[in-house]
Amino acid sequence: MKLLLVEDNRELSFWMTRLLEQSAYAVEQAFSGGDALQLLKTQSYDAVLLDLTLPDMKGQVVLKHMRDRHDEVPVLIVSAQDALQEIVGHLDLGADDYLVKPVNILELEARLRSLLRRATGKAHPLLSCGGLCYDTNSKIFSSAGKALPLTPREHAVLEALIRYPGKTVSKKDLAESLFTIEDCVSEKALEIYILRLRKKIENAGARIVTLRGLGYMLTAYAPD
Amino acid sequence: MRPIEPVHLRLHLRLRSLKSRLAAWVILPSLMIFAIDLAVSYRGSEQIATLVQQQLLHGAAAMISEHLTASEGAYEISVPPAAFELLRNDFRDRVYYAIYTPDGRLVAGDGQLPPYAGEIGSESETFFLTRLRDEAVRTIAYAYVIPSSPQGESVITQVAQTLRYHEQFRDELLSSTIRRHLYLLAVTFFFLAIAFRWMLKPLVEFSDTLKARQPGSLEKLDENDAPSELEPVIHALNNYAQRLNHTLQSYEKFVADTAHHLRNSFAVIGSQVNFARRSAGVDPAQREVLAAIQKTLGKCTRVINQLLMLASLDQRKKAAAPTRKTPLAAVVASVIEELAPLGLQKDIELGVESLDENVSVAAPERLLRELLTNLVGNAILHMNKAGHVSVSLVSSGREATLTVADDGIGIPEALREKVFERFFRVDESNPDGSGLGMAIVKEICDSIEARVTLSSSAENRGLRVEVRFPQGR
């Protein structure tokens, strides 16, 4: 995966590059809007990380130039500005996502992954949350390379959860995911499956959180 | 001297109004003229009334004297009733008369009138005031030479009259003058009041215009429509607004620049620490230090974000813009979702009691999200054991109530108002608190006209924060 990092702060650019390279991304740096547009003309990238405050032109202008010449590479804006109106404005201009500095590297990588997934137009075959992995092709959950033994019902519940890691899945939606197996799932039964699943993924670096009144949520969890 | 002061102060304050100043300068001279004229008229009325009485006395005295005849030391008189008719009136004035010879012998009349003692030329008269039977009387002494007497006998005729009619006449003259003055004053006041309204109308309209402006509006005022006296004021106001605008703009720029620099710096440090943490070959002690740095970094970032939030709220107060409505339930769910990992780390169960999906609040989503993040985050941070945090959102017609309740240690009642102050911390030893969370909550509530109150949950445990949003219209 090849990224273009447009960031005028050379120090930040340097360290972000090293970080991303650590995660096996190939990163090229541009320190101004002009540089970025020049590079984008000749090279092709999988995604662009774009700062908004650049010395020669605003990031918005770079974005507009890109979209005007039908360069549809995914753009993730990384900026120190957080006003909501601006976020909306940039998404209108054709940015794909937005992060406020200082960014959490895990968050950045997660957003990049989903950006790339969306861009390639197909779901990533491998879903993950913490140390828990799910191969959507083979339909196997694994942790640290070892497959997790799950009953079909537990499998259905966990699959519904891992498709939206970090997001709440309502009990109703979970019950619907079991619909192909059982006609009617009581809440009590659902609670029992969740309880069993919690035990099974205990050491996989992920947790199922109950958000009372809202539903369940799968989240990465690494005890310090 | 002390009791005088308030009076003096009140007078001073009253004269601060332009109306009273103007009124004072019109009314005080009018009253002064009134007073002087009154004194003058009193003297005038007295003079006129005296002259009239003197004329009558003279007439009476002359008429009586003309009926006197004398021959060889013997005097004869038949007093004409017409003489007394002259002096008769409705006020029952007493009338006395007496005729004395020059050597003091009573010829006719009333002995109560003593003979005239002063010098008096023949065929002349003099008037004087004296008292008879305990009442003031005006008296004429009239020296008369009897024309029919061969020796040229003369007498002094005195006629006296009490002052009842005189006084009444004088008072009537005076009161007509006073009435005239009062009419004049009334007319003056009436037109003065109209003039005030008319004159001060532009000023009142101007202040209404100022009042009607949006708080924080720095728009220029129109100088053309105003009366010329107001122009310098409007000019100064516009000038002030312009300078204020400039100050605000540079303040905004300063905040934005600070935000940019701080976040960039923290981004660099964050990347460096992350890089180090991920690099292989770090020993456990180093790993621990790096983890601690990252934790501190996270805390600093949060404080910086909170400070920037407060700064932007200060700005918002100065220039409140009408906002669209934001559905609140979605924000509640998403904030709880976001904070779930933090809750998990501290073994705190998050949940909602009831969530009215129809509640919308006229505030930007960013502010509502910040409000909830601070409320729920605060509840999690200040719980030092496993527990529960519950959010509920209910609507009751005129207002929607958002409640965040926990079963932690709570806040002593005496300190509940203080937590809204910036940097106030209930538990100084808790390393996670910045003392800004509740200040932000309060200021967001103020800026969107919501009310926030603290109480304790049931059984006097934990903290219960209620935010009431006005609804409807």
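**Exercise 1.** Find which residue stands opposite A:Leu211, and work out how its strand pairs across the chains.

*Solution.* Start at A:Leu211: facing it is B:Leu350, in E9(B). Now step out to the strands (DSSP runs of E, at least two residues, numbered from the N terminus, with helices being runs of H or I, at least four residues). Strand E11 (residues 206–212) of chain A is joined to E9(B) by two bridges, and the two run parallel. That counts as pairing, since two strands pair if DSSP finds at least two bridges between them.

A quick note on the model: it's predicted, so local features need pLDDT of at least 70 and side-chain atom pairs count only at pLDDT 80 or more, while totals for chains, interfaces and linings use all residues. Residues are numbered from 1 along each chain as its sequence is written, and chains are lettered from A and ligands numbered from 1 in the order in which they are written.

**Exercise 2.** Break down the side of chain B that touches chain A.

*Solution.* First the totals: chain B gives 29 residues to the contact and chain A gives 27 (two residues touch if their C-beta atoms, placed from the backbone, lie within 7 Å). Next, the elements of chain B supplying at least two residues each are helix H5 (231–278), helix H7 (328–345), strand E9 (348–355) and helix H8 (365–381). H5(B) has the largest share, 13 residues.

**Exercise 3.** Check the span of H8(B).

*Solution.* Take 1.5 Å times one less than the number of residues. For the 17 residues of H8(B) that should give 24 Å, and the end C-alpha atoms are 23 Å apart, which agrees.
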